[in-house]
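This report describes a single chain, beginning with its surface and overall make-up and ending with individual side chains. Please read it alongside the sequence and the coordinates.

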Amino acid sequence: MSQEDDVEREFDIKWADGAEHKEPSARARMLAARWKENPPEPQPFRAAPGPRTPRRSSWSSTAIVLGCVIAVILLLGYSRFRASY
């Protein structure tokens, strides 16, 4: 890039940033059109959280993981046992 291109590019950026009117993004125009017909309901700043699903206890998750590990070990052992014949 030459020195002239840098100066011209800097001028274009300054000119664009200094514009009085900036066109809104496509999403902003879409929301404005949608809200003109059907405005959104006001929301509190920090809305109350919705109902939470009960969490599994840690021992049940551990039991599931250990069960899967044991099943894989048995499956690999069985396949090696069958392969020796």
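## Surface and burial

The accessible surface of the chain comes to about 8900 Å², and carbon and sulfur atoms account for 60% of that area. The chain is a predicted model, and of its 85 residues 2% count as buried.

## Secondary structure and confidence

Three helices and zero strands make up the secondary structure of the chain, so that, read from the N terminus on, the order of elements is α-α-α.

Confidence in the prediction is given by a mean pLDDT of 81 for the chain, with 82% of the residues reaching 70 or more. Among the elements, the lowest mean pLDDT, 69, belongs to helix H1 (residues 3-17), whereas the highest, 93, belongs to helix H2 (residues 26-37).

## A nonpolar patch

On the surface, Val65, Val69 and Ile73 form a nonpolar patch, and together these residues have about 270 Å² of accessible area. One of them, Ile73, lies in helix H3, which covers residues 58-83. Ile73 counts as exposed because its relative accessibility is 54%, and the cut-off for that class is over 50%.

## The salt bridge

The count of salt bridges comes to one. In a salt bridge, the side chains of Glu23 and Arg29 meet, with a distance of 3.1 Å from N to O, which falls within the 4 Å allowed between a side-chain nitrogen of Lys or Arg and a carboxyl oxygen of Asp or Glu.

The two partners fall into separate accessibility classes: Glu23 is exposed, with a relative accessible area of 65%, while Arg29 is partly exposed, with a relative accessible area of 40%. The value for Arg29 lies in the range between the limit for buried residues, under 20%, and the limit for exposed residues, over 50%.

Notes: Residues are numbered from 1 along each chain as its sequence is written. This is a predicted model: local features need pLDDT of at least 70, side-chain atom pairs count only at pLDDT 80 or more; totals for chains, interfaces and linings use all residues. Side-chain values use heavy atoms; hydrogens and water are left out. Patches are made of residues with over 30% relative accessible area and no salt bridge: like charges are joined within 9 Å, nonpolar side chains (Val, Leu, Ile, Met, Phe, Trp, Tyr) within 5 Å. Accessible areas come from the Shrake-Rupley method with a 1.4 Å probe; for residues, only the protein chains shown count as cover. Helices (H or I, at least four residues) and strands (E, at least two) are DSSP runs, numbered from the N terminus. Buried means under 20% relative accessible area, exposed over 50%, partly exposed in between (1.4 Å probe, protein chains only). pLDDT is the predictor's confidence in each residue, from 0 to 100.
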